[in-house]
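Reader: Good morning. May we go through this structure together?

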Amino acid sequence: MATQALIVIDVQNDFCPGGALAVSGGDAIVPLVNRMIADAPHVILTQDWHPAGHSSFASTHAGKNPFETVAMPYGEQTLWPDHCIQGSQGAAFHPDLEWTKAELVIRKGFRPSIDSYSAFYENDHKTPTGLAGYLRERGISELTMVGLATDFCVAYSALDAVREGFSVTVTLEACRAIDLGGSLEAMTQRMKEAGVSLA
């Protein structure tokens with residue numbers, strides 16, 4: 001069995017132009033991601049999957065606006081516009097994404113009181129999604145990551161994957177960033193320092 005897997009992160013309508021938390025050019029990566037899916041021996045997708053009224057939504061905090069921060073029990077949390085609500089069109093994968101080859105879809109952010117950027121852990125960095133165990137049982141050790149957004153869900157997934165002992169490459173041309181207050185440069189540096197290969 002091949003030891004490599006492609007992990008496609010959060011290529012969902014709400015993160016694409018016209019969505020509730022649109023990443024500039026988010027839809028532009030879809031043709032390249034589709035080609036990578038076609039060539040990959042194993043494909044795994046992640047899907048942001050928030051209940052309505054999630055604690056990371058600015059709308060649940062009186063007087064707070066999107067992109068402000070609040071202190072949560074697990075640390076500082078950026079507040080977001082309501083997005084990727086379970087079962088909504090915004091939470092669906094981009095209609096052009098050829099995702100049916102996926103062997104696993106990891107849904108994250110479904111716990112009401114904690115956000116989840118990483119494919120591996122909730123934002124407390126303790127509550128696992130189960131992905132690491134799944135990959136180990138399947139004999140998969142080398143991961144390529146693409147998707148949205150480079151400086152949040154992709155970067156946190158890559159950092160956690162390295163910490164879990166996986167070899168990780170992020171294909172930057174198949175990602176797009178939010179770049180909130182210099183977050184792209186900061187997270188790119190963190191990935192480099194952690195040993196993530198940036199291709």
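Author: We may begin with the annotation. The UniProt annotation, from an unreviewed entry, is "domain: Isochorismatase-like" and covers residues 5-195; such annotations may be inferred rather than shown by experiment.

Reader: What kind of model is this, and how are residues numbered?
Author: It is a predicted model, in which local features need pLDDT of at least 70 and side-chain atom pairs count only at pLDDT 80 or more, while totals for chains, interfaces and linings use all residues. Residues are numbered from 1 along each chain as its sequence is written, and side-chain values use heavy atoms, leaving out hydrogens and water.

Reader: How many residues are in the largest nonpolar core?
Author: That core has 56 residues. A nonpolar core is a set of buried (under 20% relative accessible area, 1.4 Å probe, protein chains only) Ala, Val, Leu, Ile, Met, Phe, Trp, Tyr and Cys residues joined through side-chain atoms within 4.5 Å.

Reader: Which residues have the most contacts inside it?
Author: They are Phe-120, Leu-143 and Met-145, where contact means heavy atoms within 4.5 Å.

Reader: And what does Leu-143 touch?
Author: Not counting residues up to four places away in sequence, Leu-143 touches Ala-5, Ile-7, Phe-120, Leu-135, Ala-161, Phe-166, Ser-167, Val-168 and Thr-169.

Reader: What lies apart from the largest core?
Author: Another core, of six residues, lies apart from it, and includes Ala-58, Met-72, Leu-79 and Ile-114.

Reader: Why might such residues gather?
Author: In soluble globular proteins, nonpolar side chains tend to be buried together.

Key. Buried < 20%, exposed > 50% of the residue type's maximum accessible area, 1.4 Å probe, protein only.
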